[in-house]
Amino acid sequence: MRHLMSPLDLSVEELDRLLDLANDIEANPSRYAHSCEGKKLATLFYEPSTRTRLSFEAAMLNLGGSVLGFSSADSSSAAKGESVSDTIRIISCYADICAMRHPKEGAPLVASMKSSIPVINAGDGGHQHPTQTLTDLLTIRSLKGRLDNFTIGLCGDLKFGRTVHSLIQALIRYPNVRFILISPEELRLPDNIRDGVLRKNNQDFREEVRLEDAIPELDLLYMTRVQRERFFNEEDYIRMKDFYILDREKMKLAKEDMLVLHPLPRVNEISTEVDDDPRAVYFKQAQYGVYVRMALILTLLEVEVC
Ligand code: CP
């Protein structure tokens, strides 16, 4: 039985197969419509979510399976003090696979140790968000045709943005990927990723504060929201929240084929006037999230589709 805690839990070859499967699901959805009949997915969300929870649920329903779960700690027995370890033992009796989001880093890992069903980390604190990374990789590969030989700008809250941490770990496995880390000083990438991942693996990267100084070089711009829920005080959040606003003027500085990604939700960091720009692919990205989660469920449940 396999779990997914980090994108590195899949080898590059396994990841390629998963992305191929997701592309086939996109092209031939009816082939997969009954492949999980009789199977149940539990979504255990101790933190708010729109895309991750609902795309997991849509994925399982698209596969002919069914779903159960909770969408806040308050509506589960966590509110009465039940531990994650006890909860997963119970859920293992009710479902075949589960996706867990939790504010505490490592909570899904703790669950996986007590689980008798596959556990998928659907975001743990500021740590990792591996299924967002799978979504990002599928988006990039489908729209750019490759996962190597590009310059990517990661912009915004690089300190608390778990999607960025997971994406960097996944992308360093591909050749000639250059990173430009664009953030205010206070929201720079944590040392464990800058030194422990980028420097340790001799990756080409540099840090910038101004988006305008990086955008002309980029093949991909990955915008992120300032993570209000991880700030210790509201004043700091208010000071930081509008540090970056991608608008039409800044898009004029970018390459004609640069893609703009964002894990969403967006607050102010991308002006809505950018939404109609053909380079803005963040809504398409959310759709890819359903295909890749379908592929992940099939892979972890070891369902063969003829
Ligand atoms: N991208 C993402 O994780 O969105 P949600 O918080 O809405 O799930």
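# A walk through the pockets and cavities

The lining of the largest cavity is made up of four nonpolar, five polar and two charged residues. That is our starting point for a tour of this structure, which is a predicted model. The cavity itself has a volume of about 60 Å³, and its walls are formed by R51, Q132, T135, H262, P263, L264, Y282, Q285, A286, G289 and R293. Two elements, α5 (130-144) and α10 (282-300), each give two or more residues to this lining. Of the elements here, α10 gives the most, with five residues.

How many cavities of 30 Å³ or more are there? The count comes to three. The second largest cavity has a volume of about 50 Å³. If you would like to find it in the model, look for G156, M223, T224, R225, V226, K241, F243, Y244 and E269, the residues that line it. By class, these divide into four nonpolar, two polar and three charged.

Let us turn from the cavities to the open pockets. The largest pocket has a volume of about 340 Å³. Its lining consists of 21 residues, and those closest to the centre of the pocket are R101, R162, R225, L264 and P265. Some of these names may sound familiar: R225 also lines the second largest cavity, and L264 is part of the lining of the largest cavity. Helices α2 (51-62) and α6 (162-171) each supply at least two residues of the pocket lining. Sorted by class, the lining of this pocket has four nonpolar, 10 polar and seven charged residues.

What sits in the largest pocket? The ligand does. Around the ligand you will find S49, T50, R51, T52, R101, H129, Q132, P263 and L264. This shell divides into two nonpolar, five polar and two charged residues. Several of its members have a second role in our tour, since R51, Q132, P263 and L264 also line the largest cavity.

Now look at how individual atoms are placed around the ligand. In T50, a backbone N or O atom lies 2.8 Å from an oxygen atom of the ligand. For T52, an N or O atom in the side chain is 2.7 Å from an oxygen atom of the ligand. The side chain of H129 also takes part, with an N or O atom 2.8 Å from a ligand oxygen atom. On its own the ligand has 260 Å² of accessible area, and the protein covers 90% of this.

The next stop is the second largest pocket, with a volume of about 160 Å³. Its lining is made of R2, L10, E14, R17, L18, L21 and T299. Helix α1 (residues 12-27) gives the most to this lining, with four residues. The classes here come to three nonpolar, one polar and three charged residues.

Two details of the backbone round off the tour. Most residues other than glycine have a negative phi, and most peptide bonds are trans. With that in mind, go back to L264 and P265, which are among the residues closest to the centre of the largest pocket. The peptide bond from L264 to P265 is cis, with omega near 10°. As for where P265 is, its place is in the loop between β9 (259-261) and α10.

The other detail is at N149, which is not a glycine and yet has a positive phi of about 55°. You can find N149 in the loop between α5 and β5 (150-155). Helix α5 has already come up, as one of the elements that give two or more residues to the lining of the largest cavity.

Terms used
Residues are numbered from 1 along each chain as its sequence is written. This is a predicted model: local features need pLDDT of at least 70, side-chain atom pairs count only at pLDDT 80 or more; totals for chains, interfaces and linings use all residues. Side-chain values use heavy atoms; hydrogens and water are left out. On a 1 Å grid over the protein atoms alone, a cavity is a set of points where a 1.4 Å probe fits but cannot get out, and a pocket is an open set with protein on both sides within 12 Å along at least five of seven lines; lining residues have an atom within 4 Å of a point. Grid points are joined across faces, edges and corners, and a volume is the space filled by probe spheres set on the points. Ala, Val, Leu, Ile, Met, Phe, Trp, Tyr, Cys and Pro count as nonpolar, Asp, Glu, Lys and Arg as charged, and the others, Gly among them, as polar. A residue is near a molecule or strand if one of its heavy atoms lies within 4 Å of it. A polar contact is a pair of N or O atoms within 3.5 Å; within protein, one must be able to donate a hydrogen and the other to accept it, and residues adjacent in sequence count only if both atoms are side-chain atoms. Accessible areas come from the Shrake-Rupley method with a 1.4 Å probe; for residues, only the protein chains shown count as cover. A molecule sits in a cavity or pocket if more than half of its atoms lie within 2 Å of its grid points.
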